[in-house]
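Here are my notes on the model you asked me to look over. Have it open beside you as you go through the points.

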Amino acid sequence: MYFRANLKANKIYIDLEFAPETLRNHFALLITNNSIQDLYFKISIDVPNWSVEEPTDGKLGVVPSGGVKQFTIVITRTNPNSEITETGNLILEAYSDSGYTNLVDSDTLPIEIHIVDIKSWDVQGWTFDDGTTQDWTTNGSVSSDRSVRAGGYSIKYVITTHDTEKKETFYIERSISIPSGYSKALFMFYFKWYGKTSPANAAYTELEYFCVKVNGNVVFEWGKYGNVFELHGDNLEEEKPWYKCVCDLSDYIGQTITLRIEFVMHTNGYNIAYLTYDVTWFDDPTLGYK
Ligand SMILES: [Ca+2]
Ligand SMILES: [Ca+2]
């Protein structure tokens, strides 16, 4: 094998709440190039109804000899509007040339895609829409400026800086009992990010990483080899829509666990006259089981 591919999650969960007519899922793929030559990678999906939307034509580009690179893949499907599990493979091909004509190796990665409607299951959920943290412990604060449901609240963390680098971790944590007698337990939450950089060339603002921890152990993570969201450059501003994260907690059915979500935020303004903003909102954590 000339390369090794590490699919960060071979089971993908997509929740149907507020889902648009076209479903999209972002997932991370880590590729290690063990060969003595640079390799150009191409990905396709062999699961009925699904196709690769990003990158264009599935062309990931080069991983240098001896290098490791993380890619974000976006796959898409028409919304089936009901729960379904689909299985198949991701096919990864390695070429020795940038024209993708000389195939040197390939790999097949099994994948399961679960389209779920978690809020139709038995649930415990928290909306913060009474203006409190609802017994979650956090270093953020309850805010009415954004909410998944209009007129409500979310938990927000803000870093602003002029010319000094700041890296801080926004956390939200609580103890949760997952009742016994179920076979599947999924946890989902919504998050949203806003960044604004100062008029200074080197300015940046990032949601660098986030993870879900159970009893201190990471069970889901994103951004370890590249930022989740970022603005690098002067005078940039962007607000992302609400994103949803779903992770599998079936291993903890029947247990009382400490559930903790961490967002690492990193920014530098490089300009004493202007503020750079790095803002994350967290809302609607829900644990569903069936
Ligand atoms: Ca809310
Ligand atoms: Ca960073």
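**Notes on the predicted model**

1. Let's start with an odd spot in a loop. P55 sits in the loop that links β5 (51-54) to β6 (59-63). Keep in mind that this is a predicted model. The peptide bond between E54 and P55 is cis, with omega about 0°. Most peptide bonds are trans, so this is one to look at on screen.

2. Now the overall layout. The chain splits into domain 1 (3-116) and domain 2 (119-289). Taken over C-alpha atoms, the centres of domain 1 and domain 2 are 25 Å apart. Eight residues from domain 1 and nine residues from domain 2 make up the contact. On the domain 1 side, β2 (11-15) and β3 are the elements that give two or more residues. Of these, β2 gives the most, with three residues. By class, that side of domain 1 has four nonpolar, one polar and three charged residues.

3. Within domain 1 (3-116), have a look at β8. Strand β4 (residues 39-46) pairs with strand β8 (residues 84-95) in the antiparallel sense, over seven bridges. If you want a landmark for that pairing, D46 is opposite N89 in β8. β8 also runs antiparallel to strand β9 (residues 103-116), and 12 bridges join β8 and β9. Here the landmark is E86, which stands opposite I113 in β9.

4. Is N33 buried or exposed? N33 counts as buried because there are 21 C-beta neighbours inside 10 Å, and the cut-off for buried is 20 or more. N33 lies in strand β3 (residues 22-33). Leaving out residues up to four places away in sequence, N33 touches F3, L39, V63, P64, S65, G66 and G67. A5 is worth finding too: N33 and A5 are 28 residues apart in sequence, yet their C-alpha atoms are 8.8 Å apart in space.

5. Over in domain 2 (119-289), β16 (204-214) deserves some time. Eight of the 11 residues of β16 are buried, so the strand is largely enclosed by the rest of the structure. β16 runs antiparallel to strand β21 (residues 256-268), with 10 bridges joining them, and Y204 is opposite N268 in β21. β16 also pairs with β18 in the antiparallel sense, over four bridges; there T205 has L231 of β18 as its bridge partner.

6. What do β16 and β17 form? They form a hairpin with two residues between them. The pairing of β16 and β17 is antiparallel, over five bridges, and V214 has N217 in β17 as its bridge partner. N215, in the turn, has a positive phi of about 50°. N215 is exposed, because it has 12 other C-beta atoms within 10 Å and the cut-off for exposed is 12 or fewer.

7. One more positive phi to check. N235 is in the loop between β18 (229-232) and β19 (237-239), and its phi is near 60°, a positive value in a residue other than glycine. Most residues other than glycine have a negative phi. N235 counts as partly exposed, with 13 other C-beta atoms within 10 Å.

How values were computed. Residues are numbered from 1 along each chain as its sequence is written. Chains are lettered from A and ligands numbered from 1 in the order in which they are written. This is a predicted model: local features need pLDDT of at least 70, side-chain atom pairs count only at pLDDT 80 or more; totals for chains, interfaces and linings use all residues. Two residues are in contact if their C-beta atoms, placed from the backbone, lie within 7 Å. Domain bounds come from an automatic or database domain assignment. Ala, Val, Leu, Ile, Met, Phe, Trp, Tyr, Cys and Pro count as nonpolar, Asp, Glu, Lys and Arg as charged, and the others, Gly among them, as polar. Two strands pair if DSSP finds at least two bridges between them.
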